[in-house]
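Student: Could we go through this structure together, with each term set against its definition?
Tutor: Yes, please look at the sequence and the model first.

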Amino acid sequence: VFQKMVNYDCQFINGTEKVRYVVRNFYNRLQLAMFDSDVGHFVGFTPYGEKVARYWNSLQDFMERKRAAVDTICRHNYKVITP
């Protein structure tokens, strides 16, 4: 049985002043690639993950949406996400 999982996470430090958006891509419990809004691009952790990260980083529209997710997803839903 093969399993693919994507984990999306908004991390709030000091309310909405410092917000971090993290996307982790897993395959069979092994992290392949990760996007961190503080870094601003995908980073690969395996040879295949590095190849996928290079491809995703080359897609300009896709990367603009990932970088904007801090505002469009995290800050926009701050009152819903936090208790």
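Student: Leaving aside its neighbours within four places in sequence, which residues is D36 in contact with?
Tutor: With that restriction, D36 is in contact with R20, Y21, V22 and H41, where contact means heavy atoms within 4.5 Å. Before we go on, note that this is a predicted model, in which local features need pLDDT of at least 70 and side-chain atom pairs count only at pLDDT 80 or more, while totals for chains, interfaces and linings use all residues. Residues are numbered from 1 along each chain as its sequence is written, and side-chain values use heavy atoms, with hydrogens and water left out.

Student: Why is D36 called buried?
Tutor: Buried means under 20% relative accessible area, exposed means over 50%, and partly exposed is in between (1.4 Å probe, protein chains only). The relative accessible area of D36 is 6%, so D36 counts as buried. D36 lies in strand β3, where helices (H or I, at least four residues) and strands (E, at least two) are DSSP runs numbered from the N terminus.

Student: Why does V39 count as partly exposed?
Tutor: V39 has 45% relative accessibility, and because this value falls between the two cut-offs, V39 is partly exposed. The place of V39 is in the loop between β3 (30–36) and β4 (41–44).

Student: How do you know that a disulfide joins C10 to C74?
Tutor: A disulfide is a pair of cysteine sulfur atoms within 2.5 Å, and the S to S distance for C10 and C74 is 2.0 Å, so the pair meets the definition. This pair links distant parts of the chain, with C10 in strand β1 (residues 4–13) and C74 in helix α2 (residues 60–75), 64 residues apart. A search of the whole structure finds one disulfide.

Student: What makes the disulfide of C10 and C74 left-handed?
Tutor: The torsion about its S-S bond is about -80°, and therefore the disulfide of C10 and C74 is left-handed.

Student: What makes a set of residues a nonpolar core, and how many residues has the largest one?
Tutor: A nonpolar core is a set of buried Ala, Val, Leu, Ile, Met, Phe, Trp, Tyr and Cys residues joined through side-chain atoms within 4.5 Å. The largest has 12 residues, among them C10, Y21, F35 and C74. Helix α2 gives the most to this core, with four residues. Both C10 and C74 are buried, as the definition of a core requires. In soluble globular proteins, nonpolar side chains tend to be buried together.
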